[in-house]
Amino acid sequence: MARIRMLTSVSGEGFVWEAGQEIDLPGSQAAAWADGVRAELVRDAAPETPETLESAAPERTARRRRPAKVRTPQ
């Protein structure tokens with residue numbers, strides 16, 4: 001079973017689905033209805049979010065050393 005969320009209201013013989021209503025259907029039927037116009041698939045798991053800047057370690061680069069100054073005798 002897959003869950004879809006209706007984007008438009010639809011009715012037929014023996015059913016009425018309102019916009020915003022979530023419905024469980026067999027996978028093939030859910031895929032047919034979830035075309036982005038009539039309905040959309042509903043995720044069961046929470047979507048992954050990027051790490052926040054506070055928890056991510058900042059990238060570090062190696063420091064470049066300045067070349068040693070060459071002293072010339074006077």
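This briefing walks through the fold, the sheet, the charged side chains and the nonpolar core of the chain above. Keep in mind that the model is predicted. The chain has 1 helix and 5 strands, and three of those strands, β4, β1 and β5, line up in an open antiparallel sheet. Strand β1 is a good place to start looking: Ala2, Ile4 and Met6 point to one face and are buried, while Arg3 and Arg5 point to the other and are not.

**Overall layout**

- Going along the sequence, you'll meet the elements in the pattern β-β-β-β-α-β.
- The chain has 74 residues, and 15% of them count as buried.
- About 7200 Å² of the chain is exposed, with carbon and sulfur atoms supplying 50% of that area.
- If you take the contacts with a separation of 6 or more, 40% of them come from residues 24 or more positions apart.

**The sheet**

- The strand order is β4-β1-β5, and the pairing is antiparallel.
- β4 and β5 are the edge strands, each pairing on one side only.
- On average, neighbouring strands in this sheet are turned by 35 degrees against each other, direction ignored.
- Strand β1 pairs with β4 over 4 bridges, in the antiparallel sense.
- Strand β1 also pairs with β5, again antiparallel, over 3 bridges.
- As general background, strands of a sheet pair through backbone hydrogen bonds, either parallel or antiparallel.
- For a feel of the register, Arg5 stands opposite Glu22 in β4 and opposite Glu40 in β5, while Ile4 stands opposite Leu41 in β5.

**Salt bridges on the charged side**

- A search of the whole structure turns up 5 salt bridges.
- One of them joins Arg3 and Asp24, with the closest N and O atoms 2.9 Å apart. Arg3 sits in β1 (residues 2-6) and Asp24 in β4 (residues 22-25), so this pair ties together parts that are 21 residues apart in sequence.
- Both ends of that bridge are partly exposed: Arg3 has a relative accessible area of 32%, and Asp24 has 40%.
- Another salt bridge links Arg5 to Glu40, with the closest N and O atoms 2.9 Å apart. Since Arg5 lies in β1 and Glu40 in β5 (residues 39-41), the pair ties together parts that are 35 residues apart in sequence.
- Arg5 is partly exposed at 27% relative accessibility, and Glu40 is partly exposed at 33%.
- Asp35 and Arg38 also meet through their side chains in a salt bridge, at 3.1 Å from N to O. Asp35 is partly exposed at 40% relative accessibility, and Arg38 is partly exposed at 32%.
- Through salt bridges that share partners, Arg3, Arg5, Glu22, Asp24 and Glu40 are joined into one network.

**A closer look at Glu22**

- Glu22 belongs to strand β4 and counts as partly exposed, at 35% relative accessibility.
- Between Glu22 and Arg3 there are 6.6 Å in space, C-alpha to C-alpha, although the two are 19 residues apart in sequence.
- Setting aside neighbours within four places in sequence, Glu22 is in contact with Arg3, Ile4, Arg5 and Val42.

**The nonpolar core**

- The largest nonpolar core has 10 residues: Ala2, Ile4, Met6, Val10, Trp17, Ile23, Leu25, Ala30, Trp33 and Ala39.
- Strands β1 and β4 and helix α1 (27-33) each supply at least two residues of this core.
- β1 gives the most to the core, with 3 residues.
- That fits the alternation along β1, where Ala2, Ile4 and Met6 point to one face and are buried.
- In soluble globular proteins, nonpolar side chains tend to be buried together.
- Ala30 is a handy residue to click on: leaving out residues up to four places away in sequence, Ala30 touches Ala2, Ile4, Leu25 and Leu41.

Terms used. Residues are numbered from 1 along each chain as its sequence is written. This is a predicted model: local features need pLDDT of at least 70, side-chain atom pairs count only at pLDDT 80 or more; totals for chains, interfaces and linings use all residues. Side-chain values use heavy atoms; hydrogens and water are left out. A salt bridge is a side-chain nitrogen of Lys or Arg within 4 Å of a carboxyl oxygen of Asp or Glu. Buried means under 20% relative accessible area, exposed over 50%, partly exposed in between (1.4 Å probe, protein chains only). Two strands pair if DSSP finds at least two bridges between them. Axes are lines fitted to C-alpha atoms, for helices over the stretch in contact, and angles run from 0 to 180 degrees between N-to-C directions. Contact means heavy atoms within 4.5 Å. Accessible areas come from the Shrake-Rupley method with a 1.4 Å probe; for residues, only the protein chains shown count as cover. A nonpolar core is a set of buried Ala, Val, Leu, Ile, Met, Phe, Trp, Tyr and Cys residues joined through side-chain atoms within 4.5 Å.
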